Amino acid sequence: MMVQRPIYLDNQATTPVDDRVLAAMLPYFTERFGNPSSVGHIYGWEAEAAIKQAREILASAIHASPEEIIFTSGATEANNLAIKGVAESYFDRGRHIITLQTEHNAVLDPCHYLRSLGFDVTFLPVESDGLIDLNLLEKTLRSDTILVSVMAANNEIGVLQPLEAIGDLCHAHQVLFHTDAAQAIGKIPLDVEAMHIDLMSLTAHKVYAPKGIGALYVRRRNPRVQIAPQIHGGGHERGLRSGTLYPPQIVGFAKAVELAIAEMSSESQRLTELRDRLWQRVSQLDGIQLNGHATQRLPGNLNISIKGIDGQALLLGVQPMIAVSSGSACTSAKIEPSHVLRALGLPDELAYASMRFGIGRFNTVEEVDRAADVVIETVRSLDLKN
Ligand SMILES: *Cc1c(COP(=O)(O)O)cnc(C)c1O
């Protein structure tokens with residue numbers, strides 16, 4: 001029996017692999033299986049050539065140079081390498097780090113860890129729309145501040161931080177600027193030069209490539225950023241991240257980023273229209289509110305709270321028809337109100353009653369309309385039961 005699968009609307013958690021990405025990857029599983037570190041034969045050379053090309057594509061996507069790209073297993077590892085790597089290299093210059101309360105746990109947890117080692121970390125609050133307060137950031141900078149880490153796009157509420165303004169401020173104060181761009185790559189323009197970004201974490205699986213591959217951009221000039229490796233071994237990636245490189249994943253990552261950038265302007269317009277359409281429909285519900293800035297957010301992201309609704313009951317109710325998430329996927333195993341929604345000042349009751357829609361490349365108008373109907377019907381049936 002064919003069971004109808006729910007409509008996938010959780011593209012901030014992960015995305016399916018695009019067929020064009022898979023096609024680019026396949027030869028590197030089979031005939032071109034070589035180890036890119038093998039320098040003595042063609043198997044190694046062709047794998048190395050593929051990695052070189054992928055590195056060039058990814059570098060040019062963010063206006064960096066190829067030797068500034070360090071491949072990692074994803075954004076979690078890239079964030080750990082950036083934050084712990086800088087802390088370990090610059091601790092004699094200072095031990096103060098600044099980040100936001102709304103960061104992903106892959107930034108918050110390394111910061112908590114560093115705090116346990118004696119570093120001083122400031123977790124800045126945000127405005128009620130999720131945006132950073134630039135004046136507060138400037139006031140928080142100290143002579144012993146070594147790093148500011150602020151994400152490009154939030155994974156729960158989609159809010160886009162003003163990277164260029166933050167980069168300018170950090171540059172003027174000679175403080176390194178790291179950004180977690182896991183949700184941003186291929187969705188919004190990123191330019192490490194114009195934005196004065198010193199370190200940038202990337203991942204492939206939010207942009208229609210496979211899980212398990214990502215990268216850290218590390219600036220090599222003006223200034224030359226030092227990071228201490230966190231994984232030691234064969235000296236791959238200029239000693240900064242040892243471990244045999246994984247050509248299929250790396251080729252897929254680069255192909256996905258290339259496609260996303262080529263299609264960015266038309267796709268962001270399409271996703272913005274779908275997102276606005278979904279909001280227009282569901283906003284007729286009583287007690288509904290939008291979480292995060294209305295326009296300065298990822299095109300496909302919608303995050304809502306509905307007053308007086310049991311969030312778990314709502315999620316359970318819509319589950320057979322649509323795949324969405326309440327709170328962040330990475331913390332949803334434990335039922336705790338989202339730290340991001342709390343940082344916006346939402347009371348627990350509204351944070352629990354939230355839902356995140358992530359509309360992506362393969363979603364259609366019909367699916368979005370169906371999702372709106374499902375949410376409206378489910379909320380009304382829960383209301384009747386009260
Ligand atoms: C998904 C995500 C991560 C984690 O990336 P992985 O590649 O899954 O380790 C980190 N930060 C943000 C903002 C994310 O959305």
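Q: In this predicted model, does R361 count as buried or exposed?
A: The model is predicted, and the state of R361 is read from its relative accessibility. A residue counts as buried under 20% relative accessible area. R361 has 13% relative accessibility, so R361 counts as buried.

Q: Which residue does the side chain of R361 meet in a salt bridge?
A: The pair is joined N to O at 2.8 Å. The partner of R361 has a relative accessible area of 3%, and is therefore buried. The residue that meets R361 in this salt bridge is D18.

Q: How many residues apart in sequence are the parts tied together by the salt bridge of R361 and D18?
A: The side chains of R361 and D18 meet in a salt bridge. R361 lies in the loop between β12 (354–358) and α12 (365–385), while D18 lies in the loop between β1 (7–8) and α1 (19–25), so the pair ties together parts of the chain whose separation in sequence is 343 residues.

Q: Which residues are linked with D18 and R361 in a network of salt bridges?
A: The salt bridge of R361 and D18 has an N to O distance of 2.8 Å. Both residues also belong to a network of salt bridges. The other residues linked in that network are R20 and E263.

Q: How many salt bridges does the structure hold?
A: The pair R361 and D18 is one of them, and the pair R270 and E267 is another. The count for the structure is 17.

Q: How many residues apart in sequence are the parts that R142 and D120 tie together?
A: The side chains of R142 and D120 meet in a salt bridge at 2.9 Å, N to O. R142 is in the loop between α5 (134–140) and β5 (145–149), and D120 is in strand β4 (residues 120–124), so the pair ties together parts with a sequence separation of 22 residues.

Q: What is the relative accessibility of D120?
A: Its salt-bridge partner, R142, is partly exposed, with a relative accessible area of 35%. D120 also counts as partly exposed, at a relative accessibility of 35%.

Q: In which helix do R270 and E267 both lie?
A: R270 forms a salt bridge with E267, with the closest N and O atoms 3.0 Å apart. R270 is partly exposed at 28% relative accessible area, whereas E267 counts as buried at 17%. The two residues are 3 residues apart, about one turn of the helix, and that helix is α8 (residues 264–282).

Q: How far apart are the C-alpha centres of domain 1 and domain 2?
A: The chain is divided into domain 1 (7–15 + 264–379) and domain 2 (19–258). The C-alpha centres of these domains lie apart by 27 Å.

Q: Which residues of domain 1 lose the most area to domain 2?
A: Between them, domain 1 and domain 2 bury about 2600 Å², 55% of it on carbon and sulfur atoms. On the side of domain 1, the residues that lose the most area give together 22% of what that side buries, and they are T15, L298 and R361.

Q: Which element gives the most to the side of domain 1 that touches domain 2?
A: The rule finds 0 salt bridges across the interface of domain 1 and domain 2, but 15 residue pairs are in polar contact there. β10 (301–306) and α10 (339–343) each supply at least two residues of the side of domain 1 that touches domain 2. The element that gives the most, with 4 residues, is α10.

Q: Which residue is joined to P223 by a cis peptide bond?
A: P223 lies in the loop between β8 (214–218) and α7 (247–262). The cis bond has an omega of about -10°. The residue joined to P223 by this bond is N222.

Q: What is the phi of Y208?
A: Y208 sits in the loop between β7 (199–203) and β8. At 6% relative accessibility, Y208 counts as buried. Y208 is not a glycine, yet its phi is positive, at about 70°.

Q: What value is the phi of E237 near?
A: E237 lies in the loop between β8 and α7. Its relative accessible area is 8%, so E237 is buried. Phi of E237 is positive, in a residue other than glycine, and is near 50°.

Conventions
Residues numbered from 1 in each chain as written. Predicted model: local features only at pLDDT ≥ 70, side-chain atom pairs only at ≥ 80, totals over all residues. Heavy atoms only, no water. Salt bridge = Lys/Arg side-chain N within 4 Å of Asp/Glu carboxyl O. Buried < 20%, exposed > 50% of the residue type's maximum accessible area, 1.4 Å probe, protein only. Domains from an automatic or database assignment. Buried area = accessible area lost by both parts, 1.4 Å probe. Polar contact = N/O pair within 3.5 Å; in protein donor to acceptor, adjacent residues only side chain to side chain.
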